[in-house]
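Biologist: Could we go through the model together, with questions from my side and reasoned answers from yours?

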Amino acid sequence: MQISDDIRYIGVNDHINPNFEGQYRVPHGMSYNSYVILDEKIAVMDTADGGFIDEWLSNLDGALMGKSPDYLVIHHMEPDHSAGIAVFMEKYPSAVIVSSQKAFAMMKNFFGTDYPDRRVVVGENDTLSLGKHTLTFITAPMVHWPEVIMSYDSLDKALFSADAFGKFGALDYNEEWDSEARRYYYGIVGKFGMPASGVLKKAAGLDIAVICPLHGPVLSENIAHYTELYSKWAAYEPENEGVLIAYTSVYGNTKKAALMLRDKLAEKGSDVRVIDLSREDISFALASAFEYKKLVCASTTYNGGVFPFMREFITELAEHGYKNRQVFLIENGSWAPTAANAMKKLFEGCKGVVVSENIVKLCSAVNVENEAQIEALAEEIAAL
């Protein structure tokens with residue numbers, strides 16, 4: 001793939017691993033992106049995942065057309081981007097690694113050496129001249145590892161953004177960007193909203209024509225759409241004023257209450273999405289919870305607490321910085337309902353999350369009194 005006259009894409013697609021990082025389901029695969037800038041000096045931008053190094057090297061050879069690279073720029077040391085460092089350095093003995101100080105410390109941990117005689121350490125606003133192209137480096141600690149840097153090529157106005165602006169999905173599968181980029185952001189980067197906001201402020205001063213992330217497609221049109229979404233995500237702002245209803249149900253009664261609430265909210269004009277936490281990958285539920293302004297958690301009581309899938313869901317929300325939302329609860333307990341109290345406790349560490357005291361309480365099946373409670377809850381939610 002040719003990105004500009006001098007920049008080539010040399011990454012690979014992964015349709016082998018069903019889960020990214022061993023936990024995020026990727027039904028349409030994953031890409032591990034790498035690039036090469038062909039100038040008086042040649043810079044290779046990152047490597048690939050360890051299972052695809054031979055393919056990556058073949059792509060690199062094709063782009064080099066018999067030439068030898070001068071630099072290997074490492075923006076992020078996570079092994080899905082750095083696994084090829086040792087092989088590359090052995091194959092190209094005159095090449096030099098360019099990266100942050102913390103990245104070299106990590107290299108020693110991964111490869112037993114920090115390449116003391118073949119390295120250039122860069123920090124904020126340091127530059128690397130390749131000829132026509134000059135790279136300016138931007139430190140991006142905790143987006144989402146401490147060693148991360150980005151780089152900006154002023155000639156082609158290209159931002160090499162590390163994991164920022166990435167998405168799930170291989171590049172040979174065509175799908176809209178927002179949904180899988182949102183799921184990627186909140187799953188991978190989401191806890192680090194403050195550092196992400198800081199980097200976005202730095203990038204705001206750049207004239208960006210193309211974004212080259214380490215996962216997902218190269219972004220070259222409507223750049224403002226992507227940067228605006230990222231700014232909103234980093235600030236934990238909802239994109240949608242509607243309602244996510246997340247439920248767990250053993251015998252269908254809690255599900256019935258959740259669907260009844262959905263219908264009543266829809267009648268009142270609310271945008272509603274419903275997720276069964278027992279059947280949906282939790283990363284999809286997590287992304288949706290951040291997307292919507294209001295959240296309803298409907299759970300059965302289980303072992304004197306909350307159903308395991310609901311407990312995992314709320315715990316994940318808290319760990320990823322869930323904040324500034326309205327939350328509503330539905331609990332079901334045949335003889336000793338405790339799910340609502342358990343859910344409230346799980347939300348206690350979430351800054352700016354307000355849990356309504358208007359709780360729908362089921363005792364096994366939905367009865368007439370519950371229908372009235374659900375109607376009242378729908379009115380409260382729709383009025384916000």
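**A sheet and a helix pair**

Modeller: To begin, this is a predicted model, and in it strand 13 (residues 149-153) and strand 14 (residues 158-160) pair in the antiparallel sense over 3 bridges.

Biologist: Which residue of strand 14 is the bridge partner of S151?

Modeller: Strands of a sheet pair through backbone hydrogen bonds, either parallel or antiparallel. Strands 13 and 14 take the antiparallel sense, and the bridge partner of S151 in strand 14 is F160.

Biologist: Which strands stand at the edges of the sheet?

Modeller: The sheet is open and mixed in its pairing, with 5 strands in the order 11-12-13-14-15. Each edge strand has a single partner strand, so one side of it is left without a neighbour in the sheet, and this applies to strand 11 (127-129) and strand 15 (210-212).

Biologist: By what angle are neighbouring strands of this sheet turned against each other on average?

Modeller: The strands in question follow one another in the order 11-12-13-14-15. With direction ignored, the average turn between neighbours is 20°.

Biologist: Is helix 8 parallel, perpendicular or oblique to helix 12?

Modeller: The axes of helix 8 (residues 253-267) and helix 12 (residues 368-383) come within 9 Å and cross at roughly 45°. Because of that angle, helix 8 counts with respect to helix 12 as oblique.

Biologist: How many nonpolar residues does the contact of helix 8 with helix 12 have?

Modeller: Helix 8 contributes A257, M260, L261, K264 and L265, while helix 12 contributes E371, I374, E375, L377, A378, I381 and A382. By class, the contact has no polar residues and 3 charged ones, and the number of nonpolar residues is 9.

Key: Residues are numbered from 1 along each chain as its sequence is written. This is a predicted model: local features need pLDDT of at least 70, side-chain atom pairs count only at pLDDT 80 or more; totals for chains, interfaces and linings use all residues. Side-chain values use heavy atoms; hydrogens and water are left out. Two strands pair if DSSP finds at least two bridges between them. Helices (H or I, at least four residues) and strands (E, at least two) are DSSP runs, numbered from the N terminus. Axes are lines fitted to C-alpha atoms, for helices over the stretch in contact, and angles run from 0 to 180 degrees between N-to-C directions. Angles under 35 degrees count as roughly parallel, over 145 as roughly antiparallel, 65 to 115 as roughly perpendicular and the rest as oblique. Contact means heavy atoms within 4.5 Å. Ala, Val, Leu, Ile, Met, Phe, Trp, Tyr, Cys and Pro count as nonpolar, Asp, Glu, Lys and Arg as charged, and the others, Gly among them, as polar.
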